[in-house]
Amino acid sequence: AKLVANPIFRPVYGDGDVFNADPMPKTLVTNGAFAISGSDKDGVVLDRSDSYWNKSAVNLERIRLVPMDSAEAALDAYKKGEIDAVTNADFAPLALKLLAPYEDFRQTTHSALNFYEVNTKNAPFDDRRVREALAISIDRDRVTEGELDGSTRPATSFLPLGATNQTKITLDVDRAKQLLESAGYPNGENFPKIRLLINRNDTQQRVARTVAKMWKQNLNLDTETIVKDAADLELARNSGTYDLVRRGIVLPTIDESVSLEAIFGRSKRPVSGSETVFPRDVRTIDALTPTPLPLMLPSTGGPSDDILTFDNEETRETSAFETFTEEDAIYELNAIPLYFPTSYSLVKPYVMGFEINGLDAPLMKDISIDSDWQPNAAGREL
């Protein structure tokens, strides 16, 4: 029941082709608090639905969704009072700094992730110690504040909207050096040049240069940054001619298993019989074993031949399939999370109940207009 309550399972009438119509027809079947009453090049008009089950609780009678050619155009219309709220706007970093002090400016972590996918079929990246060393030698705060002007949030996990008490991927240069040495590369000696594949984007090139500099300074590793157009990048990714590749993904839901599947592929791993469980909270760095940990992501290859061992090993019976969790993903590190994008909005102070969520899809049924609102002399509204 909890799963089908997710927006991804909302019923769609017909085969869905009607959503591609331009303009969107008034006859489009809806099941929410509002129904389409008009659609043209100037936008979409929604009227309160007479058939909505909780119609009496819906305050707004009409909503007009107005498209804008650019964030600058939307901001200008907002300042002039032509629109009451702005969402899904790609503000430039300078504009974000100017808007931040205002009370009607809102910033919300978006349900999306930018990361480096690791090609675990290539040595030495098939060794999880190497992957962890690369991951924990990155200063994500420096990346987000320096290269991204504070417009994103450091990704110390894979899911932006997940639990806050889980294991985090944090900067630890000393441990990264120990891991690299235990993998056979003291001070980065004999480590092959890292082939980092990124898309032709100025921001991603700056981020890549910063990360490569950190790997050089912290681990004495060299990086070759390979820039490709989107089509060529995907071909290279499919052919496996890379060590790490930059990816960005919008997560379709806040469900853990679905989101992990969107990042890694299949989110379940087959197991059978009994397996040895290694508690992650008692990890030791220098104790090694040639026995691979029976924990993997099938979509990106098997586990390392040389792995860390743990104290207090125990054996348990397992079912036919075991769910792959974010904790597992953080242990395996078949991808290196970098940062979580942020969505921005501007909302007039007289608009009540307008809440931005991680999916950047505000619910309109709880919104109302405070007709008695008066500007505060000390307020900071646009």
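Reader: What is the strand order of the open sheet, and how are its strands paired?

Author: In this predicted model, the open sheet holds 6 strands in the order 7-17-6-10-8-9, and the pairing is mixed.

Reader: What makes strand 7 and strand 9 edge strands?

Author: Strand 7 (153-154) and strand 9 (223-228) each pair on one side only, so they are the edge strands.

Reader: How do you know that strand 8 pairs with strand 10?

Author: Pairing requires at least two bridges found by DSSP. Strand 8 (residues 194-199) and strand 10 (residues 244-250) share 2 bridges in the parallel sense, and therefore they count as paired. Leu-196 stands opposite Leu-244, and Leu-197 has Val-245 as its bridge partner.

Reader: How do you know that strand 8 pairs with strand 9?

Author: The requirement is at least two bridges; strand 8 and strand 9 have 6 bridges, parallel in sense, so the two strands pair. Ile-198, for its part, has Val-227 in strand 9 as its bridge partner.

Reader: Why is the crossover from strand 8 to strand 9 called right-handed?

Author: The chain passes from strand 8 through helix 6 (residues 202-219) to strand 9. With the strands pointing away from the viewer, this β-α-β path runs clockwise, and therefore the crossover is called right-handed.

Reader: Why is strand 8 described as mostly covered?

Author: A residue is buried under 20% relative accessible area. In strand 8, 5 of its 6 residues are buried, so the strand is mostly covered.

Reader: Which strands does helix 7 lie across?

Author: Helix 7 (residues 230-239) lies across strand 6 (112-118), strand 8, strand 9 and strand 10, at about 145 degrees to strand 8.

Definitions and conventions: Residues are numbered from 1 along each chain as its sequence is written. This is a predicted model: local features need pLDDT of at least 70, side-chain atom pairs count only at pLDDT 80 or more; totals for chains, interfaces and linings use all residues. Side-chain values use heavy atoms; hydrogens and water are left out. Helices (H or I, at least four residues) and strands (E, at least two) are DSSP runs, numbered from the N terminus. Contact means heavy atoms within 4.5 Å. Axes are lines fitted to C-alpha atoms, for helices over the stretch in contact, and angles run from 0 to 180 degrees between N-to-C directions. Buried means under 20% relative accessible area, exposed over 50%, partly exposed in between (1.4 Å probe, protein chains only).
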